[in-house]
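This report describes the interior, the cavities and pockets, and selected local features of one protein chain. The sequence and structure come next, followed by the report.

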Amino acid sequence: MSASNFIVTLTADFYDSTGEPKFRDLGLSVLRNHPHIEQRVFQEHRKQIGADQIGNAQGVIVLTPAVTAESVSKADNLLVIARFGVGYDAVDMNACTAADVLVTITAGAVDRPVAEATIGWMIALSHNMRIKDGLLRTGQWDERSKYMGRELRDRTLGVVGLGGIARKTIELLRGFGMNQPLAFDPFLSAEKAAEQGVQLVSLEELFRQADFVSIHCPLTETTRGLIGARELALMKPDAYLLNTARGGIVDEDALFEALKSGRIAGAALDCFAHEPVTAPHRFGELDNVLLAPHSIAWTDEMFRDIGRAACQVMVDLSLGTKPRTTLNPEVFDSPRFKTKWERFRKQV
């Protein structure tokens with residue numbers, strides 16, 4: 001093994017107990033095209049990455065484990081933590097920045113699959129697909145007239161967060177004859193929203209007007225608990241809530257009561273306040289809810305594209321190029337980071 005290798009390590013949860021990949025294509029061919037990059041895998045899965053697991057690696061591609069201050073406490077060689085996806089609430093950003101470690105996400109790679117899944121859920125909810133499936137499975141053919149559906153036509157979508165996923169969802173919905181979409185996004189101007197054909201409104205106005213409220217914002221201290229009983233009470237009784245973003249943005253107690261009482265028509269949930277969910281969840285008691293284990297958008301294409309993006313981060317850094325989608329670019333100005341990076345660039 002050459003001392004000049006740029007070491008990239010993947011967390012163990014990409015692989016099963018026999019060491020075989022759980023997923024068809026992780027985009028690792030991007031690394032294989034560069035012989036100076038050495039690929040490794042953590043020997044065990046932990047909920048939080050240990051400093052001993054990182055060792056002398058320059059880059060770590062992370063699926064689910066948390067990245068804490070302890071994780072990067074011995075980051076003498078570590079240049080980057082690459083999140084496999086776009087959420088980074090499990091990464092201690094302050095600790096990484098203090099340790100002169102970049103954090104990247106794979107913005108763009110998830111837009112299409114999450115948008116498709118969102119639209120699929122919108123149709124499934126409004127056409128009572130889960131209930132109708134159950135009617136046939138239990139021999140209740142004559143009950144079908146009680147569950148008339150509603151088309152997307154002439155309905156209004158409201159998105160909380162107008163990032164790449166929400167924009168792709170709106171783009172794919174243009175053929176359904178829906179009303180002008182609404183968006184709540186405090187980081188976006190009305191002019192920028194209008195360029196996307198979207199009307200920017202307050203959160204309260206969105207909840208009052210939308211037939212479908214779809215959440216597409218990250219989980220931060222600002223968005224934690226953003227949607228509670230007050231917001232849900234503003235919704236139309238025949239409206240639906242969809243969350244493909246992060247648990248914790250929605251108050252689950254308030255949502256459960258709104259669904260159980262029939263205050264709103266239904267919901268589709270891919271994420272929960274406490275994950276993983278390893279026992280039957282209370283939302284599973286309700287017929288007007290669709291559930292998924294934080295994987296509704298998982299496709300072979302999605303994992304391939306995310307993997308390619310994460311691996312490209314490693315290639316770029318190894319060749320002395322600043323990667324895109326860096327969450328803490330101020331690290332590039334750190335003398336300590338420059339020293340680390342120069343050491344490995346010189347070797348390559």
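## Thr 299 and the loop before H11

Thr 299 is partly exposed, with a relative accessibility of 31%. The model described here is predicted. Thr 299 belongs to the loop that runs between S12 and H11. In space, the C-alpha atom of Thr 299 lies 7.1 Å from that of Pro 113, although 186 residues separate the two along the chain.

His 294 is also placed in the loop between S12 and H11. His 294 is not a glycine, yet its phi is positive, at about 50°. With a relative accessible area of 22%, His 294 counts as partly exposed.

## Nonpolar cores

The largest nonpolar core holds 38 residues, and Phe 14, Leu 26, Ile 61 and Leu 317 have the most contacts inside it. Two or more residues each are given to this core by strands S1 (6-10) and S4 (80-83) and by helices H1 (29-32), H4 (111-126), H11 (300-318) and H12 (335-347). H11 provides the largest share, 9 residues.

Around Phe 14, leaving aside neighbours within four places in sequence, the contacts are Glu 20, Pro 21, Lys 22, Phe 23, Leu 26, Ile 61, Val 62, Leu 63 and Phe 84. A second core, separate from the largest, has 33 residues, among them Leu 206, Ile 215, Met 235 and Leu 241.

## Helix H10

Helix H10 spans residues 252-260, and its buried residues include Glu 252, Ala 254, Leu 255, Phe 256, Ala 258 and Leu 259. The buried residues of H10 pack against helix H9 (229-234) and against strands S10 (240-243), S11 and S12.

At the start of H10, the backbone nitrogen of Asp 253 has a side-chain oxygen of Asp 251 within 3.0 Å. After H10 comes Gly 262, with a positive phi near 80°.

## The cavity

How many cavities of 30 Å³ or more does the count give? The count is 1. The volume of the largest cavity is about 50 Å³.

The lining of the largest cavity consists of Asn 243, Gly 247, Val 250, Glu 252, Leu 255, Leu 269, Cys 271, Phe 272 and Phe 283. By class, this lining has 6 nonpolar, 2 polar and 1 charged residues. Glu 252 and Leu 255 are in the lining and are also buried residues of H10.

## The second largest pocket

The second largest pocket contains about 180 Å³ of space. Its lining is formed by Tyr 88, Asp 89, Val 91, Met 93, Asn 94, Leu 219, Thr 220, Glu 221 and Arg 224. These residues divide into 4 nonpolar, 2 polar and 3 charged.

## Thr 156

Thr 156 sits in the loop between helix H5 (129-137) and strand S6 (157-160). Is Thr 156 buried or exposed? Thr 156 counts as buried because its relative accessible area is 10%, and the cut-off for buried is under 20%.

Not counting residues up to four places away in sequence, Thr 156 touches Met 178, Asn 179, Gln 180, Leu 182, Gln 209, Ala 210, Asp 211 and Phe 212. With one of these, Asn 179, the contact includes a polar one between the two side chains, at 3.0 Å.

## Backbone features in other loops

Asp 100 lies in the loop between helix H3 (93-98) and strand S5 (102-104). Its phi is positive, near 60°, in a residue other than glycine. Asp 100 is buried, at a relative accessible area of 10%.

The peptide bond between Glu 275 and Pro 276 is cis, with omega about 0°. Pro 276 is part of the loop between strand S11 (266-269) and strand S12 (289-291).

## Glu 195

Glu 195 is in helix H7, which covers residues 190-195. Glu 195 counts as exposed because its relative accessibility is 58%, and the cut-off for exposed is over 50%. From C-alpha to C-alpha, Glu 195 and Phe 84 are 30 Å apart, with their positions 111 residues apart in sequence. Phe 84 is one of the contacts of Phe 14.

Notes:
Residues numbered from 1 in each chain as written. Predicted model: local features only at pLDDT ≥ 70, side-chain atom pairs only at ≥ 80, totals over all residues. Heavy atoms only, no water. 1 Å grid on protein atoms, 1.4 Å probe; cavity = no way out; pocket = protein on both sides within 12 Å on 5 of 7 lines; lining within 4 Å. Points joined across faces, edges and corners; volume = space filled by probe spheres on them. Nonpolar A, V, L, I, M, F, W, Y, C, P; charged D, E, K, R; others polar. Core = buried A, V, L, I, M, F, W, Y, C linked by side-chain atoms within 4.5 Å. Buried < 20%, exposed > 50% of the residue type's maximum accessible area, 1.4 Å probe, protein only. Helix = DSSP H or I, 4+ residues; strand = E, 2+ residues; numbered from the N terminus. Contact = heavy atoms within 4.5 Å. Polar contact = N/O pair within 3.5 Å; in protein donor to acceptor, adjacent residues only side chain to side chain.
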